[in-house]
Amino acid sequence: MKTYNLALIPGDGIGVDVTDAAMKVLGAAAKGRFAVETTSFPWSCEYYLEHGRMMPEDGIETLRGFDAIYLGAVGWPATVPDSVSLHGLLLPIRKAFNQYANIRPHRLLAGVEGPLKAEGFDILCIRENTEGEYSGAGGRVHEGKDNEVAVETSVFTRAGVERILRFGFEQARSRRGHLTSVTKSNAQKYSMVFWDEVTRELAAEYPDVTVSHMHIDAMAAKMVMAPQDLDVVVASNLFGDILTDLGAAIQGGLGFAASANINPDRSAPSMFEPVHGSAPDIAGKNIANPIAAIWSVAQMLDHLGEAEASAAVLSAIEAATAKGIGIRPGLNTTDEITAAVIAALEA
Ligand code: NAD
């Protein structure tokens, strides 16, 4: 039987609650199919307060040998600035392991009533995950003085833009054959015009995929007014980040939004995590919705080549929601939702 070595970073707040739930479901999904050996790392804001860094200096090298990384959520703004926690753990992992494709599915699960009239939609949002607006290029001059200046530069490389769009075209080809590229090329006349140009170049290689170009503002409206018309959506780091919270909202809330940080050439481990953060307001109360975290397990299994187990986890989530479990905030506890998914898996 195959054994997968999984690095676990539960992180902060509900990251811990939902990782626990996700691992219980993974254990149930693995039965009779494969084995999983997990190694848990305490890297979090608490770790930062003790050690002065979010992970040890050799953290990246430690993670490199694993088959996959599973992360709950990081951030505890009451004690550690978000810019420190994000730039000290999550972003370095995504960049170091070239996890350039952040895949976020937005679909209305059986039984879940989203806030929209739309009865069904199935959007695959692909967010560029290593550069763009989050490249970390910039600085501050004259700090604390009246003439203080802050500069943050977006970085769009041809290699980076081309590979994320190509990934999007391939996904569109394997789905309903439509790709929407999201930019703001009317206002941002260098980076986003460049992005549009690369999209058009690649489109010529994918005549079977129809392409739409949309500006981020119009796209935000479309995701509310007509989400059923969207298939694969490709966006830059910042735009994808924002649009996928909107995607989460229309699918019923952040508790339903899963995410995979994929290194498509498999030269380093990929990382799987729910879209939501550490939700300090509900941490440790056993009320966080674990469905996003469990769905991320399904994405991980698919990436590892365990397609049957991945499909079984997704079906089990939907079997639970179809029965009305976990479909609204506050309706069920984290434990109840997890138990319902496991019961469906084992049925
Ligand atoms: P958040 O996603 O943690 O919470 C936003 C709101 O959604 C809160 O009201 C929360 O209770 C609710 N919510 C989130 N997940 C839920 C779930 N599974 N079930 C039920 N309700 C849920 O976003 P935030 O409040 O902006 O950020 C809190 C912290 O998390 C910050 O430190 C932030 O930097 C961090 N963060 C981390 C990640 C990550 O690790 N990938 C992502 C986003 C935010």
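A salt bridge here means a side-chain nitrogen of Lys or Arg within 4 Å of a carboxyl oxygen of Asp or Glu. With that in hand, look at Arg-175 and Asp-231: their side chains meet in just such a contact, at 3.0 Å or less in the sense that the N to O distance is 2.9 Å. The pair links distant parts of the chain, with Arg-175 in the loop between H5 and strand S8 (178-183) and Asp-231 in the loop between helix H7 (216-225) and strand S10 (232-235), 56 residues apart. 

Keep in mind that this is a predicted model. On burial, the two partners part ways: Asp-231 has 2% relative accessibility and counts as buried because that is under 20%, while Arg-175, at 26%, counts as partly exposed.

There's a bit more going on around this pair. Salt bridges that share partners join Asp-122, Arg-175, Arg-176 and Asp-231 into one network. The structure as a whole holds 18 salt bridges, and a couple of others deserve a look.

Take Glu-201 and Arg-158, whose side chains meet with an N to O distance of 3.0 Å. Glu-201 sits in helix H6 (residues 191-203) and Arg-158 in helix H5, so this contact ties together parts that are 43 residues apart in sequence. Glu-201 is partly exposed, with a relative accessible area of 43%, and Arg-158 is partly exposed too, at 40%. Then there's Lys-222 with Asp-229, where the closest N and O atoms are 3.9 Å apart. Here Lys-222 is partly exposed at 25% relative accessible area, and Asp-229 is partly exposed at 48%.

Now for the empty space. Which residues lie nearest the centre of the largest pocket? They are Leu-254, Val-275, His-276, Gly-277 and Ser-278, out of a lining of 42 residues. The volume of this pocket is about 910 Å³. Two or more lining residues come from each of strand S3 (68-73), helix H4 (82-96), helix H8 (237-250) and strand S12 (270-274). H4 provides the largest share, six residues. If you're thinking about the chemistry of the wall, the lining divides into 22 nonpolar, twelve polar and eight charged residues.

The second largest pocket comes in at about 480 Å³. Its lining has 19 residues, and those nearest the centre are Ile-103, Leu-124, Gln-171, Gln-299 and Asp-302. Strands S4 (101-107), S5 (122-128) and S11 (258-262) each give two or more residues to this lining, as do helices H5 (158-174), H9 (291-304) and H10 (307-322). The largest share, five residues, is from H9. By class, you get nine nonpolar, five polar and five charged residues.

Helix H9 turns up again in the next feature. A search of the whole structure finds one cavity of 30 Å³ or more, and about 40 Å³ of space lies inside. What lines this cavity? The residues are Tyr-4, Leu-6, Leu-26, Phe-34, Val-36, Met-300, Leu-301 and Leu-304. H9 gives the most, with three residues, and strand S1 (3-11) also supplies at least two. The wall consists of eight nonpolar residues, with no polar and no charged ones.

Next, head to the surface. Val-141, Val-149 and Val-151 make a nonpolar patch of about 220 Å². Val-151 belongs to strand S7 (residues 149-155), and with a relative accessible area of 45% this valine is partly exposed.

His-142 is in the loop between strand S6 (132-141) and S7. What stands out about the backbone there is the phi of His-142, which is positive at about 60° although the residue is not a glycine. His-142 is partly exposed, at 37% relative accessibility.

Ala-279 is another non-glycine residue with a positive phi, near 40°. You'll find Ala-279 in the loop between S12 and H9. Those two elements have already come up: S12 gives two or more residues to the lining of the largest pocket, and H9 contributes to the lining of the second largest pocket as well as to that of the cavity.

Conventions: Residues numbered from 1 in each chain as written. Predicted model: local features only at pLDDT ≥ 70, side-chain atom pairs only at ≥ 80, totals over all residues. Heavy atoms only, no water. 1 Å grid on protein atoms, 1.4 Å probe; cavity = no way out; pocket = protein on both sides within 12 Å on 5 of 7 lines; lining within 4 Å. Points joined across faces, edges and corners; volume = space filled by probe spheres on them. Helix = DSSP H or I, 4+ residues; strand = E, 2+ residues; numbered from the N terminus. Nonpolar A, V, L, I, M, F, W, Y, C, P; charged D, E, K, R; others polar. Patch = residues over 30% accessible without salt bridge, like charges linked within 9 Å, V, L, I, M, F, W, Y side chains within 5 Å. Areas by Shrake-Rupley, 256 points an atom, 1.4 Å probe, with all protein chains shown as cover. Buried < 20%, exposed > 50% of the residue type's maximum accessible area, 1.4 Å probe, protein only.
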